[in-house]
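This report looks at how two helices pack together and at the pockets of the structure shown below.

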Amino acid sequence: MHDDPGTQPPAGGVAHRQRRARQRLTSAARRLTAEHGLAGFTVQELCDGVGVSRRTFFNYFSSKDDAVLGFAKGVDEGQVAAFMAGRTSGAAAEAGAGAEAEAGAATVDPGRLIDDLAALAVAHFDEMGLTPDDTAEFIAALQREPALLPALVRSGQAEQQRFVALVVEREGLTGERDRALADVAVAIVGSLVRLSADAFFVETNTRPFDEILQSTLATAKRLLNAEQAPTRANTQQTNPSQPKDLVTTP
């Protein structure tokens, strides 16, 4: 009898078994696609090879395409719940934040919001079943079936809009300026994710995606914080008595 996680009752460790079943289905779907193309195997053959039922497959994936791309149904609900619980803002009026309080604007901890968005992106990436050891198989499947690439791009765009909506809801953003904050925060993290993904998919890469993204995020923070560092011009302005030949740039 197959060990079919999709039909087992809730029990200790069932979430781990379900995740492993999804990963096995995704890995097998990528391998079969790279070898035979999407039309070269059936869902039943995929399930037989992994040792699960068709019912389990369709509990996790809507199609073979989704299995190859790692787009499982509702797998990130726990991560989304954790993200939503991390609200950093409240109405500025409640915090007594002067003029902004009168306008009813929200106060947001931008650093924590960016960190939490990055963590959510990492969780989403992980659920796609991608590790440094899996990238060759994934790329081979995409090369065999290039029609999957537009679906991958559309998914990324949809996820970006979804993240914006999550930020707006989590932080209680209502005004036009506040909602723009959500757009900018998600755009920043999205750009860092794309840069990190480029590095992740390099053939010689051995680092996990979360490590690459955290390194990219740290670099971005250093660049943004550099705006607060003294420059030659403002050093001269704030220290007019300092001799010009002693003024240095960072």
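In this predicted model, helix 10 (148–171) gives the most to the lining of the largest pocket, with eight residues. Helix 8, helix 9 (135–144) and helix 11 take part as well, and each of these four helices supplies at least two residues of that lining. The largest pocket has a volume of about 700 Å³, and of the 25 residues that line the largest pocket, Leu-152, Gly-156, Val-193, Arg-194 and Ala-197 are the closest to its centre.

The second largest pocket is lined by 14 residues, and nearest its centre lie Pro-110, Gly-111, Ile-114, Ile-188 and Leu-224. Here the elements that give two or more residues to the lining are helix 8, helix 11 and helix 12 (209–225). The table sets out the two pockets by volume and by the classes of their lining residues.

| Pocket | Volume | Nonpolar | Polar | Charged |
|---|---|---|---|---|
| Largest pocket | about 700 Å³ | 17 residues | six residues | two residues |
| Second largest pocket | about 300 Å³ | 11 residues | two residues | one residue |

Helix 8 (residues 110–127) and helix 11 (residues 176–200) also pack against each other, at an angle of about 45° and with their axes 10 Å apart. Helix 8 and helix 11 are therefore oblique to each other, and their crossing is right-handed. In this contact, residues of helix 8 including Leu-113, Ile-114, Leu-117 and Phe-125 meet residues of helix 11, among them Leu-181, Ile-188, Val-193 and Phe-200. The residues of the contact of helix 8 with helix 11 divide into 13 nonpolar, no polar and no charged.

Key. Residues are numbered from 1 along each chain as its sequence is written. This is a predicted model: local features need pLDDT of at least 70, side-chain atom pairs count only at pLDDT 80 or more; totals for chains, interfaces and linings use all residues. Side-chain values use heavy atoms; hydrogens and water are left out. Axes are lines fitted to C-alpha atoms, for helices over the stretch in contact, and angles run from 0 to 180 degrees between N-to-C directions. Angles under 35 degrees count as roughly parallel, over 145 as roughly antiparallel, 65 to 115 as roughly perpendicular and the rest as oblique. A crossing is left-handed if the near helix is turned anticlockwise from the far one by less than a right angle, and right-handed if clockwise. Contact means heavy atoms within 4.5 Å. Ala, Val, Leu, Ile, Met, Phe, Trp, Tyr, Cys and Pro count as nonpolar, Asp, Glu, Lys and Arg as charged, and the others, Gly among them, as polar. On a 1 Å grid over the protein atoms alone, a cavity is a set of points where a 1.4 Å probe fits but cannot get out, and a pocket is an open set with protein on both sides within 12 Å along at least five of seven lines; lining residues have an atom within 4 Å of a point. Grid points are joined across faces, edges and corners, and a volume is the space filled by probe spheres set on the points.
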